[in-house]
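Please open the structure in a viewer and keep the selection tool at hand. The tour below proceeds stop by stop, stating what to select and what is found there.

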Amino acid sequence: MKLILQIPCYNEEKTLPDVIRDLPQKLPGVDEIEYLVVDDGSTDNTAEVARSLGVHHVHSIGTNQGLAAAFMAGISQCLEAGADIIVNTDGDNQYDADCIGELIAPIIEGRMDVVIGTRPVEQIEHFSPLKKFLQRLGSRVVRWFSGTDIPDTTSGFRAYSAEAAMRLRVLNGYTYTIETIIHMGHMNMRIGHVPVRVNPKTRESRLIPSMRAYIWRSAAIILRSYVTYKPLRTFLYCAIPPGLIGLAICLRFMYYFLLRDGSGHIQSLILAAILLIVSFTMVVLGILADLISTNRRLIEEAIFIQRKHIYEIRKNTSPTQEVAAEMETPSANKSSPRSRLEIRDLAPITANRKRGPTCYGEKHPLRETEP
Ligand SMILES: Nc1nc2c(ncn2[C@@H]2O[C@H](COP(=O)(O)OP(=O)(O)O)[C@@H](O)[C@H]2O)c(=O)[nH]1
Ligand SMILES: [Mg+2]
């Protein structure tokens with residue numbers, strides 16, 4: 001059982017030494033533990049500090065692409081390095097690394113696919129009452145939209161089995177926390193949660209520069225994720241109000257037309273017709289969106305099968321065998337820049353984020369091919 005602890009970092013040179021120092025080197029049920037730092041285009045010496053601390057994998061993205069992209073790049077790298085379990089933690093030393101054992105236990109026992117660490121939000125002193133309230137409210141909304149029972153939906157302290165990690169994908173360019181829960185909830189993954197401890201605050205949150213911006217961005221992510229995963233239901237909900245109002249006005253018109261004087265009320269009839277057309281359009285859009293989402297699911301499944309296939313091949317191939325296989329490759333293939341399909345090729349695309357030319361630029365110790 002190989003565990004990789006991944007830390008997405010943006011300018012974390014000051015706190016990274018403490019994070020790495022606290023990470024476990026041995027855990028029950030785990031044979032191998034490695035660390036992976038994703039340097040998300042830091043302008044400080046995050047990557048150099050990580051290397052000097054002996055981090056096994058340092059993956060530099062090149063330009064700053066945001067937490068969602070950094071997280072997904074890390075997941076792909078962990079899978080390429082053959083992780084059976086991946087734990088994500090923050091580079092600001094927010095989470096107590098002593099809880100990693102409890103976080104991965106349900107996955108080792110095969111009871112869960114994903115485990116999310118629940119912070120003691122109410123007891124965190126540096127969280128303002130407003131932040132605590134929004135935390136409770138936000139988690140409740142995400143639970144409702146995702147159909148899960150996760151108490152702390154914005155916690156970044158999480159453990160994933162390799163298979164769950166292969167199914168992960170994030171479409172927004174901001175943060176992965178909320179969208180992955182909604183996605184995983186709709187995929188009926190087994191998502192557990194365990195209480196975790198947090199360390200004293202080391203710096204202000206960079207992800208939440210202002211409460212208002214955070215609320216807007218989170219609300220947009222929740223709505224967009226819900227439309228993506230439940231399109232028919234969303235459009236049907238939108239079709240109900242105009243449909244009902246239009247029908248009521250229609251019935252009123254029929255009443256006057258058939259049982260009373262039979263003239264007038266043309267304006268209300270026009271309004272009813274408009275409302276019924278809007279409602280009908282919503283239903284049609286819902287059906288179309290549902291058909292498109294069926295395609296998305298098929299594509300997701302195909303990507304998952306490919307990722308799993310590549311993962312298993314790489315897991316069962318030693319680095320020496322890989323080099324031998326490379327040497328046996330016919331020269332025609334060698335002339336192409338990169339002939340072998342890799343897990344990262346199937347990494348889900350993050351919307352609104354362009355991968356810079358240096359993305360995935362760092363050479364992986366197990367990978368001999370160039371991007
Ligand atoms: N804010 C921010 N954090 C990033 C980015 N890329 C990676 N990270 C990392 O994401 C993690 C979470 O960020 P943090 O500011 O601690 O957010 P918080 O825990 O939600 O308050 C940290 O380890 C950051 O270094 C980025 O572009 N912006
Ligand atoms: Mg943090």
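## First stop: the surroundings of ligand 1

Select strand 1 (2–9) and helix 3 (67–80): each of these elements supplies at least two residues of the shell around ligand 1. The model is a predicted one. Next, display the whole shell, in which 18 residues surround ligand 1. The closest of them are Tyr10, Gly91, Ser205, Arg206 and Leu207. Colour the shell by class, and 7 nonpolar, 6 polar and 5 charged residues appear around ligand 1.

## Second stop: the whole chain

Now return to the full chain and show it as a cartoon. Its secondary structure comes to 12 helices and 7 strands. The chain has 371 residues, of which 38% count as buried. Consider also the contacts between residues at least 6 apart in sequence: 77% of them join residues at least 24 apart.

## Third stop: the nonpolar core and helix 3

Which residues have the most contacts inside the largest nonpolar core? Select Val114 and Ala165, which hold that place in a core of 69 residues. Helix 3 gives the largest share of this core, namely 10 residues.

Centre the view on Ala165. Apart from neighbours within four places in sequence, Ala165 is in contact with Ile75, Cys78, Leu79, Ile86 and Tyr160.

From there, move to Cys78, which lies in helix 3. Is Cys78 buried or exposed? Cys78 has 29 other C-beta atoms within 10 Å, and therefore it is buried. Setting aside residues within four places in sequence, the contacts of Cys78 are Ile4, Gln6, Leu36, Ala83, Ile86 and Ala165. Add His57 to the selection: Cys78 and His57 are 21 residues apart along the chain, and their C-alpha atoms are separated by 8.9 Å.

## Fourth stop: strand 6 and its partners

Select strand 6 (158–161). Arg158 and Tyr160 are buried on one side of strand 6, and Ala159 and Ser161 are buried on the other, so that both faces are covered. In a regular strand, the side chains alternate between the two faces of the sheet.

Then add strand 4 (85–88) and strand 5 (114–118). Strand 4 and strand 6 run antiparallel and are joined by 4 bridges. To find one point of pairing, pick Asn88, whose bridge partner in strand 6 is Arg158. Strand 5 also pairs with strand 6 in the antiparallel sense, over 3 bridges. Here, Val115 stands opposite Ala159 of strand 6.

## Fifth stop: helix 4

Select helix 4 (residues 100–108) and show the side chains of its buried residues, Ile100, Leu103, Ile104 and Ile107. Turn the view to look down the axis of helix 4: these buried residues fall within an arc of 75 degrees, so they line one face of the helix. An α-helix has 3.6 residues a turn, so residues three or four places apart point the same way.

What do the buried residues of helix 4 pack against? They pack against strand 1, strand 4, strand 5, strand 6 and strand 7 (191–195). After helix 4 comes Gly110, whose phi is positive, near 75 degrees.

## Sixth stop: two asparagines with positive phi

Most residues other than glycine have a negative phi. Two residues with a positive value may now be examined.

Select Asn93, in the loop between strand 4 and helix 4. Its phi is positive, near 60 degrees. Asn93 is buried, because 25 other C-beta atoms lie within 10 Å.

Then select Asn188, in the loop between helix 7 (177–186) and strand 7. The phi of Asn188 is positive, about 55 degrees, although the residue is not a glycine. Asn188 has 10 C-beta neighbours inside 10 Å and therefore counts as exposed.

## Last stop: helix 9

Finally, select helix 9 (residues 231–259), where Arg252 has its place. Ala239 is also in helix 9.

Begin with Ala239, which is partly exposed, with 19 other C-beta atoms within 10 Å. Not counting residues up to four places away in sequence, Ala239 touches Ser279, Met282, Val283 and Gly286. Its C-alpha atom is separated by 9.8 Å from that of Leu285, 46 residues apart along the chain.

End with Arg252, which is partly exposed, having 14 other C-beta atoms within 10 Å. The C-alpha atoms of Arg252 and Leu269 are separated by 9.1 Å, and these residues are 17 apart along the chain.

Key
Residues are numbered from 1 along each chain as its sequence is written. Chains are lettered from A and ligands numbered from 1 in the order in which they are written. This is a predicted model: local features need pLDDT of at least 70, side-chain atom pairs count only at pLDDT 80 or more; totals for chains, interfaces and linings use all residues. A residue is near a molecule or strand if its C-beta atom, placed from the backbone, lies within 6 Å of it. Ala, Val, Leu, Ile, Met, Phe, Trp, Tyr, Cys and Pro count as nonpolar, Asp, Glu, Lys and Arg as charged, and the others, Gly among them, as polar. A residue is buried if 20 or more other C-beta atoms lie within 10 Å of its own, exposed if 12 or fewer, and partly exposed in between; C-beta atoms are placed from the backbone. The arc is that of the directions from the helix axis to the C-beta atoms. Two residues are in contact if their C-beta atoms, placed from the backbone, lie within 7 Å. A nonpolar core is a set of buried Ala, Val, Leu, Ile, Met, Phe, Trp, Tyr and Cys residues joined through C-beta atoms within 7 Å. Two strands pair if DSSP finds at least two bridges between them.
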